Amino acid sequence: MIKKLMCGLALMGCALSSHAEVQGFDWAYTGFLPSWGSETNPEPKYGEFNPDHVLKGRFFAEDRDLNGVFSAAEVTSFTIYGESFMNCTGVRRCGLSEFSFTPGGALSFYAYDSVEYGVWREGWSRTSRGFEAGRRFYTSYESDWSVGRVQDYGVTAQTKFAISAVPEPQTWLMMGAGIALLGAAKRRSRKA
C-alpha cells in the first residue's frame, strides 16, 4: 500500500514539474544614499547613507526562447512593494521599459509610473517614479503652482542586493506529501 502511494506521488510530482515553465523571483536592494533637488536648485543635496532603506519586488517570467536569460518580452508580472508595473488602471500610467535577468547573474530593469490630477493652471499636479536596478530610484513632484522637485535614492558600494526564487506550488505540494508519508511511516512503525 505504501509503495503504491509513494509511486503515485512520485508520478504526480514529475507530471507537475514538467509543466512548470513560469518562474518567480523575489529581489531586494537594502541601503541607499538619499538626495534631493529642484528646478531652482539643480545641484543635488545629499543626506546620510541609510542602511535600513529597502526597495523590494517580485517578478514572474517564462524563458520562452530557452536561452537561459529572461527578457522584457518574457516577463508576465513585475511588482515593486506589491504594486504592479505592468497592468495599470485609472489615472496611473506605468511600464517596464527594460528588463534582463540571468539566474545566478545580474538583474537589470527600468520600471516607472506616473499619476496626474487636475487641469493645467487649475490645480494640475503629477507625481512620477522611476526604478533603475543597481543604480537608483526616484520620485519627482510637479504642479502648476510650484517648481518641480526630485527625491532620489542612489545605490552605493554599501548597498546590498539579494534575489531568490519563489517556491512553485508543486514544491509546497511535494513537501506536504513528504510530510504525510513520514507521518504514515511513523504510524505504521508504531503498530508493528
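These are my notebook entries on a few things I looked up in this structure, which is a predicted model.

**Entry 1: aromatic rings**

I started with the rings and searched the whole structure, which gave 18 aromatic pairs. I picked one to look at: the ring centres of phenylalanine 25 and phenylalanine 101 are 5.0 Å apart, and their planes stand at 65°, so I wrote the pair down as edge-to-face. Angles over 60 degrees count that way.

Where do phenylalanine 25 and phenylalanine 101 lie? I found phenylalanine 25 in strand S1 (residues 22–38) and phenylalanine 101 in strand S7 (residues 92–101), so this pair ties together parts that are 76 residues apart in sequence. Buried or exposed, these two phenylalanines? Both are buried.

I then checked which cluster they belong to. Phe25 and Phe101 are part of one aromatic cluster, together with Trp27, Tyr29, Phe59, Phe70, Phe78, Phe99, Phe109 and Phe161.

**Entry 2: aspartate 113 and its partners**

Next I went to aspartate 113, which is found in strand S8 (residues 107–117). Its relative accessible area is 4%, so I noted aspartate 113 as buried.

Which side chains make polar contacts with the side chain of aspartate 113? Arginine 92 is one of them, at 3.0 Å. Arginine 129 is another, at 2.5 Å.

I also listed what aspartate 113 touches, leaving aside neighbours within four places in sequence: Glu83, Phe85, Arg92, Arg93, Cys94, Thr127, Ser128 and Arg129.

Two names on that list, Phe85 and Arg92, turned up again when I looked at charges over rings. The charged end of arginine 92 sits over the ring of phenylalanine 85, 4.9 Å from the ring centre. So that I keep it straight: arginine 92 has this placement over a ring and also the polar contact with aspartate 113.

**Entry 3: the disulfide**

Cys94 was on the contact list of aspartate 113 too, and I followed it up. How many disulfides does the count come to? I got 1. The disulfide joins cysteine 88 to cysteine 94, with an S to S distance of 1.5 Å. I looked at the twist as well: the angle about the S-S bond is 135°, and the link is right-handed.

Then I compared how open the two ends are. Cysteine 88 has 26% relative accessibility, so it counts as partly exposed. Cysteine 94 has 18%, so it counts as buried; the cut-off for buried is under 20%.

**Entry 4: strands S3, S5 and S6**

I moved on to strand pairing. Strand S3 (residues 50–62) and strand S5 (residues 75–80) run antiparallel and are joined by 5 bridges. Here I noted phenylalanine 60 standing opposite serine 77 in S5.

S5 also pairs with strand S6 (residues 83–84), in the antiparallel sense and over 2 bridges. In this pairing isoleucine 80 stands opposite glutamate 83 in S6. S5 and S6 form a hairpin with 2 residues between them.

**Entry 5: two positive phi values**

Last, I looked at backbone angles in two loops. Tyrosine 81 is in the loop between S5 and S6, and its phi is near 50°, a positive value in a residue other than glycine. Its relative accessibility is 45%, so I put tyrosine 81 down as partly exposed.

Leucine 66 is not a glycine either, yet its phi is positive, about 55°. I placed leucine 66 in the loop between S3 and strand S4 (70–71). At 74% relative accessibility, leucine 66 counts as exposed.

Methods:
Residues are numbered from 1 along each chain as its sequence is written. This is a predicted model: local features need pLDDT of at least 70, side-chain atom pairs count only at pLDDT 80 or more; totals for chains, interfaces and linings use all residues. Side-chain values use heavy atoms; hydrogens and water are left out. Rings of Phe, Tyr and Trp (its six-membered ring) pair if their centres lie within 6.5 Å; planes under 30 degrees apart count as stacked, over 60 as edge-to-face and the rest as tilted. Helices (H or I, at least four residues) and strands (E, at least two) are DSSP runs, numbered from the N terminus. Buried means under 20% relative accessible area, exposed over 50%, partly exposed in between (1.4 Å probe, protein chains only). A charge sits over a ring if NZ of Lys or CZ of Arg is within 6 Å of the ring centre and within 35 degrees of the ring normal. A disulfide is a pair of cysteine sulfur atoms within 2.5 Å. A polar contact is a pair of N or O atoms within 3.5 Å; within protein, one must be able to donate a hydrogen and the other to accept it, and residues adjacent in sequence count only if both atoms are side-chain atoms. Contact means heavy atoms within 4.5 Å. Two strands pair if DSSP finds at least two bridges between them.
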